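Work through the exercises below with the structure in view. Try each task before reading its solution.

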Amino acid sequence: MGILYHESSKTFHLFNGEISYLMIVLANGQLGQLYFGRRIHDREDFSDLLEIAPRAMAACPTLGDKTFSLEHVKQELPVYGTGDYRSPAVEVQQPNGSRLSDFRYQGYRIEAGKPGLSGLPATYVEKEQEADTLVVELADTVTGLKAELYYTVFAQGSAVARSVRYVNGGREAVYLERAMSLCLDLPDCDYDWVQLSGAWARERHVIARRLAMGIQSVASLRGNSSHQHNPFLALKRPATTEQQGEAIGVSLVYSGNFLMQAEVDAHNCTRVLAGIHPDTFCWKLEPGESFQTPEAVIAYSCQGLNGMSQAFHRLYQKRLARGYWRDRERPILINNWEATFFDFTEEALLQIARKAKECGVEMFVLDDGWFGGRRHEMAGLGDWRANKDVLPHGIAGLAEQIEEMGMKFGLWFEPEMVNIDSDLYRSHPDWLLETPDRARCHGRNQYVLDFSRPEVVDTIYGMMAAILREAKVSYIKWDMNRSITECYSKALPADRQGEVFHRYILGVYELYQRLTEEFPHVLFESCASGGGRFDPGMLYYAPQAWASDNTDAVERMKIQYGSSLCYPISSIGSHVSVTPNHQVNRQTPLHTRANVAYFGTFGYELDLNKLSEEEIEAVKEQISFMKEYRGLLQFGTFYRLKSPFEGNEMCWMVVSEDQRTAIVGWYRILNQVNAHFTRIQLAGLAPDFCYQNSRDGSKHYGDELMGFGLITSDVTAGEIPPNVAHSCDFESRLYVLKAVEG
Ligand code: DGJ
């Protein structure tokens with residue numbers, strides 16, 4: 001790993017064993033982009049990679065020279081309107097009304113390690129040797145605005161982290177109307193665009209299409225990263241598969257409004273932008289003030305989409321997630337939400353907990369409905385004190401009883417919300433986000449607190465911390481069940497209203513930071529009506545996230561498969577729930593529900609008392625299986641093998657670091673008769689290891705399992721013999737492969 005600066009050609013070369021990132025100070029003093037991809041040899045002068053040609057209609061700054069036009073130059077901090085007509089990375093409104101700026105190179109510095117981002121989540125290092133950071137200093141002389149471009153290259157992995165810090169070094173206030181975290185100009189457009197999109201209960205489906213001339217984007221304007229679009233995109237070569245070929249992943253470490261777009265220009269160059277969505281953003285910078293953008297992470301792979309995902313998984317699991325739980329196997333929990341919804345008593349909860357304990361569950365989580373007047377959706381949010389009518393011994397008393405059973409206790413909060421029918425609203429009606437003189441929308445009958453105000457964050461912190469101090473709470477599920485509308489803070493002046501969305505998220509991060517600091521052993525799981533805020537920003541505080549309110553195993557295959565494009569398996573909250581399923585009314589076998597949930601944090605979302613004896617035995621086996629293999633399932637190297645978006649079968653696997661153990665999960669949606677023979681080429685095994693298959697005891701070398709493949713045909717591939725159990729719809733199997741003597 002290293003960062004080189006070649007003074008003679010004014011070229012920067014960031015590299016490690018896998019990747020190179022090249023930039024050049026352009027003839028006009030702006031910063032140009034030359035290359036991002038697999039590691040290449042260093043040279044003193046890469047300026048020939050800057051393709052410049054005289055073009056008709058180009059806007060050129062120097063009279064007599066028709067070759068240099070910003071429209072045709074790949075840049076790191078482009079501005080609209082000075083020759084470049086593409087979407088810019090920055091836009092600054094100035095006192096005279098102009099939005100033109102011109103950021104020229106001033107100098108650079110290289111720092112060992114990686115500095116933190118003030119108030120924002122970001123990837124980090126534990127030792128300076130793990131990364132180097134280049135800071136390129138640019139400035140706009142007219143306004144005095146400075147831009148510091150941060151690039152971190154890590155010793156391990158194929159990712160680069162990028163952010164920008166603006167400092168107003170001028171004499172007058174300016175307004176940042178756009179401050180993207182990343183601009184990556186690529187020299188061609190021969191890519192498929194891959195996004196993770198959907199809706200409530202079908203989050204992060206993989207959607208791919210050919211990149212085409214013009215702008216394509218995903219975005220959120222909802223105040224959260226959203227169910228609809230994830231702050232992630234991948235550009236892959238059309239021939240790239242899960243295992244082979246080039247792919248570039250872009251991920252934004254942010255939980256609020258975002259924009260990620262790719263613009264293909266007339267000459268087949270592609271500009272990728274990622275950052276806070278400019279449509280809802282305008283930040284006033286007084287002289288001397290600074291603004292830090294969120295961090296964007298780009299990952300390069302020449303080993304297919306799996307290579308890209310593994311780069312994100314390693315970085316996000318080890319150097320984005322933090323704290324006590326980062327590297328620890330996650331407790332198997334039972335959550336009462338789908339078992340009871342709001343309708344529970346203390347005794348009913350204890351009954352669920354007792355049965356769970358008998359089955360081997362390690363933690364009981366009490367979901368919504370335990371506080372204030374919360375017996376339904378209309379009341380209670382904001383009053384974070386136990387409802388003694390329901391819980392006569394309070395949270396401390398209930399937690400104590402759970403602990404006495406030998407389980408840990410977890411608790412649900414929705415800290416950012418308030419119901420009109422609550423003591424909090426009655427005392428502070430002005431703490432809502434709402435626009436004066438305008439109607440306001442509720443979402444699920446609730447309103448959003450103005451987390452841009454420190455006193456609001458402080459008050460909620462006080463209530464939550466009081467419970468955590470007095471009760472043995474080992475886990476918090478932090479929910480957020482509506483998006484933001486009528487965004488306006490009564491505490492900010494007119495010309496700072498464009499800051500509210502971002503200040504809101506900073507307030508959320510502040511509350512997370514304070515709670516995780518004071519209660520470092522509490523495991524946080526983020527949630528937003530399921531997967532509405534399943535993003536890297538949240539991962540920094542909460543190492544796991546509830547993936548979706550849809551707990552149906554078949555639906556979950558798509559949701560979890562899509563999530564794995566960027567997010568590690570240890571972060572994917574996944575539970576076994578009841579059938580018929582609450583969301584889609586589907587009946588799926590218990591083993592398939594578990595086989596899907598194993599590839600995540602694992603737990604149960606039902607009342608085990610309602611299961612048959614036979615089912616309880618199966619649950620006990622599932623739990624002991626998960627206890628044995630969760631280290632591998634949650635922290636092993638994960639490979640997607642067959643996509644549920646492309647056919648009737650889905651397959652994925654994990655491999656241990658020493659490659660001696662692997663678990664393959666195979667799933668088939670609808671049953672077939674007289675079916676094709678099927679096999680799956682596995683990945684990540686040691687070619688020379690001989691693996692024994694747990695299902696039938698057969699032995700095969702790794703090269704054979706990856707070359708010929710693992711046979712997955714079953715009894716349906718022919719006439720079904722008498723006395724052979726018939727397989728069914730929603731069938732699935734796990735294959736545990738262990739290296740043995742050949
Ligand atoms: C939405 C979550 O995703 C559910 O799991 C549950 O916690 C409900 N909110 C409770 O209101």
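## Exercise 1: The first sheet

Ile24 stands opposite Gly32 in β4. The model is predicted, so local features need pLDDT of at least 70 and side-chain atom pairs count only at pLDDT 80 or more, while totals for chains, interfaces and linings use all residues. Residues are numbered from 1 along each chain as its sequence is written, and side-chain values use heavy atoms, with hydrogens and water left out.

**Task.** Find the order of the strands in the open sheet that contains β4.

**Solution.**
- Start with the terms. Strands (E, at least two residues) and helices (H or I, at least four residues) are DSSP runs, numbered from the N terminus. Two strands pair if DSSP finds at least two bridges between them.
- Take β3, residues 19–25. Seven bridges join β3 to β4, and the two run antiparallel.
- Now read across. The order of the four strands is β1-β2-β3-β4, with antiparallel pairing.
- Check the edges. β1 (2–6) and β4 (31–38) each pair on one side only.
- Add the twist. Neighbouring strands of this sheet are turned by 15° against each other on average, direction ignored. Such angles run from 0 to 180 degrees between N-to-C directions, and axes are lines fitted to C-alpha atoms, for helices over the stretch in contact.

## Exercise 2: A covered strand

**Task.** Decide whether the residues of β34 are buried or exposed, and name its partners.

**Solution.**
- Set the cut-offs. Buried means under 20% relative accessible area, exposed over 50%, and partly exposed in between (1.4 Å probe, protein chains only).
- Count along β34, residues 661–668. Eight of its eight residues are buried.
- Split the strand by face. Thr661, Ile663, Gly665 and Tyr667 lie on one side. Ala662, Val664, Trp666 and Arg668 lie on the other.
- Find one partner. β33 (residues 649–655) pairs with β34 in the antiparallel sense over seven bridges. Met650 has Tyr667 as its bridge partner.
- Look at the turn. β33 and β34 form a hairpin with five residues between them, and Gln659 in the turn has a positive phi of about 60°.
- Find another partner. β39 (residues 731–740) pairs with β34 over eight bridges, again antiparallel. Here Val664 stands opposite Tyr735.

## Exercise 3: Two helices

**Task.** Describe how α10 and α11 pack.

**Solution.**
- Compare the axes. Those of α10 (residues 590–597) and α11 (residues 613–635) come within 11 Å and cross at roughly 20°.
- Classify the angle. The two helices are therefore roughly parallel, a label for angles under 35 degrees; over 145 counts as roughly antiparallel, 65 to 115 as roughly perpendicular and the rest as oblique.
- List the contact (heavy atoms within 4.5 Å). α10 gives Leu590, His591 and Ala594, and α11 gives Glu615, Ala618, Val619 and Gln622.

## Exercise 4: Unusual backbone

**Task.** Which peptide bond is cis, and which loop residues other than glycine have a positive phi?

**Solution.**
- The bond from Thr579 to Pro580 is cis, with omega near -10°. Pro580 is in the loop between β30 (576–577) and α10.
- Phe341 has a positive phi of about 50°. Its loop joins α2 (337–340) and α3 (346–359). Phe341 is partly exposed, at 31% relative accessible area.
- Asn674 has a phi near 50°. Asn674 is found between β34 and β35 (679–680). At 62% relative accessibility, Asn674 is exposed.
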